[in-house]
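Subject: Structure for your review, with notes

Dear colleague,

I am passing on the structure we spoke about, together with some notes on what turned up when I went through it. Please read the notes with the coordinates open beside them.

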Amino acid sequence: MLEIKNLSVAVDGKEILLGIDLTVQAGEVHAIMGPNGSGKSTLAYALAGREGYEVTGGSVLYQGRDLLELSPEERACEGVFLGFQYPVEIPGVVGMNFLKSATNAVRRHRGEAELDAIDFLKLVREKAELLKMDEKLLHRALNVGFSGGEKKRNEVLQMAMLEPRLAILDETDSGLDIDALRIVGDGINRLRGPDRAILLITHYQRLLNYVTPDKVHVLAGGKIIKSGSSELALEVEHEGYGPMMAELAVA
Amino acid sequence: MTSPSNSTQTIDDFTDGDYKYGFVTDVEAETIPIGLDEDTVRFISAKKNEPEWLLEWRLNAFRNWLTMTEPHWAKLHYPPIDYQAASYYSAPKSQDDGPKSLDEVDPELLEVYKKLGIPLHEQEALAGIAVDAVFDSVSVATTFKAKLGEMGIIFCSMSEAIQEHPDLVRQYLGTVVPTGDNFYAALNSAVFTDGSFAYIPKGVRCPMELSTYFRINAANTGQFERTLVIADEGSYVSYLEGCTAPQRDENQLHAAVVELITLDDAEIKYSTVQNWYPGDKNGKGGIYNFVTKRGACRGRNSKISWTQVETGSAITWKYPSCLLIGDNSVGEFYSVAVTNNYQQADTGTKMIHIGKNTRSTIIAKGISAGHAQSTYRGLVRIAKSAHGARNYTQCDSLLIGDQCGAHTVPYIEVKNASAHMEHEATTSKISDDQLFYCQSRGLSTEDAVTMIVNGFCKQVLQNLPMEFAVEAQKLVGISLEGSVG
């Protein structure tokens, strides 16, 4: 599904990622953990194609195609989804309309029929219900005045509507209370499937109590310094990043 | 659209969108030599077979104009206009025979409308709109007149109104915008060649939207349209005005005058979509649009509502206003002004409260992109007599990119302590974050900008009649192509 080889990324001329290697197979969930400033969000933005995140080396294959060739909207239409750490407020644009435009843009690209207003509404209600999201939120301007938890749920709702093949969730767990965390975790688990891959970027192990990853990677100083099973997340939780970074320094 | 490393390029491509409606139609025009003097005024009046009083009225305006100077208080910059370098009369020749039906209309003219996506035939049938199409200063087609006539509604070209309804024209013409009102209004009064006239009799609710499509065609022909709409007691009319113009290099002067009059309990809703040629992306060419639009709520409980979507013209100087004379009368102004590349717009309104309990609402949305400058300029005046007057004003500006400007110049004059005034203003920017967020959900930059801008303008666009609202939304998107920064 996703094959990242020796990827280096610079922002404003400063190298942030220094040769990332990461392969994610369809059906897998990988967690990327790491201390602040290690380059986790940079990796997410680079994969989504954000302007200003300059790829200075390496390659990214997505479903056998060169992902880096594609514009951000093409990546989205091809099934790459980025759940934002800080979802953006767009005044004046009603959430429901935004969601409908996005859903139909992706469906058009896939050669599927666009959803009419009635089918769309039915689908949104169904998905929002699962996330225990008040439909009223969708009639408001997108993310404007939403609480942190509401914004994150809205991200997961968008993901559910767009049905991506590769979902990159950048700290979707931050700012959530324990109930919201469970609901969001359930939302992610529902998306798991043999055709899909999920990349969970997180500081903490707590989301991983709800979504068990197939693999865990620790990103520090622009490199993946350790990879392992879900056990690795527990190790991080208990010992912090210090020991493994020290280990790396010795080696 | 492109790879992320050159998305700045994308932005440029998007802003560089060429005018989609640029073309010149070759119609045999009867044009008088360039220049402007009393003989020009006499020629126009004679050509239109006008009564003596109107010629005198025009000459009076012309003499007035000679003593006036071009106003320069607006935030607009353009080279001096040589008023002697333009031709002041041009009419498609086939007009002399006077087409009796659409079949007789010059097929080339009809083709122009087709290119604009406004096929007359379909419009009549589908939209139920009576179209008085103004092409190069002379009306070429007037429809649905019989049906309107049965209700006593008069809807025709100004030329025809002068011939057929001289008393009404004489009673109202120039009573809202006097010949000496301002430089451009005086010029218009002297040399106007045609326009539209509508009269809605007492108690009649006009069953369809009255619509005029303006269009400049022959090169170097200034457009001086004159529109007069009168809503008699207890009547209602919704009037639509929309324009696009062919692409050309030279600047063109457009100085229209629109006068609206509502008597007791009457209402006029006047909607405009203005899409004259804005000039190319380097600021070359484009229409100079100096318009005087004013409505007088003369009757009690009467209402005048202006809605405008201004996307075209290189220079826009336009302040659709309301004189709230009758007690309890209501004035509204809803405006979207989109400027891109090197366009400049100085637009707003004047709400003059004279009667008791008069109310006015102003919602103005300015969008600037490229190197454009957009100014809201508005006056709310509460006269001493206007007890219990209320005004609500909201001015919002949206900037796209970092080379453009938005300015808000509100004037408020209150001479009656019982007045309630509210004023709100905001300035915002389409951020890279917002654009990337939309892109990451599969929306192209164009779609994202269109969606954000339409969201920003919603309050205004929703006041347009349905068929116009859809067109206006598209137009706003087209106008901003290539503007993201």
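Which residue just after H1(A) takes a positive phi? That residue is Gly49(A), whose phi is about 90°. Please keep in mind throughout that this is a predicted model, and that the values below are computed from it.

The helix that comes before Gly49(A) is a convenient place to begin. Helix H1 of chain A covers residues 40–48 and packs on a sheet, where it touches S3, S6, strand S9 (166–170), S10 and strand S11 (215–220) of chain A; the direction of H1(A) makes about 145° with that of S9(A). H1(A) is mostly covered, with eight of its nine residues buried, and the buried residues include Lys40(A) and Thr42(A) as well as Leu43(A), Tyr45(A) and Leu47(A).

The sheet under H1(A) is an open one of six strands in chain A, with the order S6-S9-S10-S3-S11-S12 and mixed pairing. Strand S6 (80–83) and strand S12 (223–228) of chain A stand at its edges, and because each has a single partner strand, one side of each is left without a neighbour in the sheet. On average, and with direction ignored, neighbouring strands of this sheet are turned by 20° against each other. Within the sheet, strand S3 (residues 29–33) and strand S10 (residues 197–202) of chain A pair in the parallel sense over five bridges, and Ile32(A) has Ile201(A) as its bridge partner in S10(A). Another helix of chain A, H7 (residues 231–239), lies across S3, S11 and S12 of chain A and runs at about 45° to S11(A).

Chain A also holds an open sheet of four strands, in the order S2-S1-S4-S5, in which the pairing is antiparallel. Here the edges are strand S2 (14–24) and strand S5 (65–66) of chain A, each with a single partner strand, so that one side of each is left without a neighbour in the sheet. Strand S1 (residues 2–11) and strand S4 (residues 53–62) of chain A run antiparallel and are joined by eight bridges, with Ser8(A) standing opposite Gly57(A) in S4(A).

Two loops of chain A deserve a note of their own. Asp12(A), in the loop between S1 and S2 of chain A, has a positive phi of about 50° although it is not a glycine, and with 8 C-beta neighbours inside 10 Å it counts as exposed. Glu89(A) lies in the loop between S6 and strand S7 (90–94) of chain A and, with 17 C-beta neighbours inside 10 Å, counts as partly exposed. Leaving aside residues up to four places away in sequence, Glu89(A) touches Leu142(A), Asn143(A) and Val144(A), whereas its C-alpha atom is separated by 22 Å from that of Gly187(A), which is 98 residues apart from it along the chain.

Turning to chain B, there are 12 helices and 23 strands, and buried residues make up 56% of its 485 residues. Among its contacts between residues at least 6 apart in sequence, 84% join residues at least 24 apart. Helix H2 (residues 38–47) and helix H3 (residues 52–66) of chain B pack at an angle of about 150°, with their axes 10 Å apart; H2(B) and H3(B) are therefore roughly antiparallel to each other, and their crossing is right-handed. On the H2(B) side, Glu38(B), Val41(B), Arg42(B) and Ser45(B) meet Leu54(B), Leu55(B), Arg58(B), Leu59(B) and Phe62(B) in H3(B), and by class this contact has five nonpolar, one polar and three charged residues.

Chain B also has a residue with a positive phi that is not a glycine, namely Ser313(B), at about 70°. Ser313(B) is placed in the loop between strand S14 (303–310) and strand S15 (315–318) of chain B, and it is buried, with 29 other C-beta atoms within 10 Å.

Finally, the contact between the chains takes 23 residues from chain B and 25 residues from chain A. On the side of chain B that touches chain A, the elements that give two or more residues are helix H10 (432–439) and helix H11 (445–461) of chain B, and by class that side has eight nonpolar, 10 polar and five charged residues.

With best regards

Definitions and conventions. Residues are numbered from 1 along each chain as its sequence is written. Chains are lettered from A and ligands numbered from 1 in the order in which they are written. This is a predicted model: local features need pLDDT of at least 70, side-chain atom pairs count only at pLDDT 80 or more; totals for chains, interfaces and linings use all residues. Two residues are in contact if their C-beta atoms, placed from the backbone, lie within 7 Å. Ala, Val, Leu, Ile, Met, Phe, Trp, Tyr, Cys and Pro count as nonpolar, Asp, Glu, Lys and Arg as charged, and the others, Gly among them, as polar. Two strands pair if DSSP finds at least two bridges between them. Axes are lines fitted to C-alpha atoms, for helices over the stretch in contact, and angles run from 0 to 180 degrees between N-to-C directions. A residue is buried if 20 or more other C-beta atoms lie within 10 Å of its own, exposed if 12 or fewer, and partly exposed in between; C-beta atoms are placed from the backbone. Angles under 35 degrees count as roughly parallel, over 145 as roughly antiparallel, 65 to 115 as roughly perpendicular and the rest as oblique. A crossing is left-handed if the near helix is turned anticlockwise from the far one by less than a right angle, and right-handed if clockwise.
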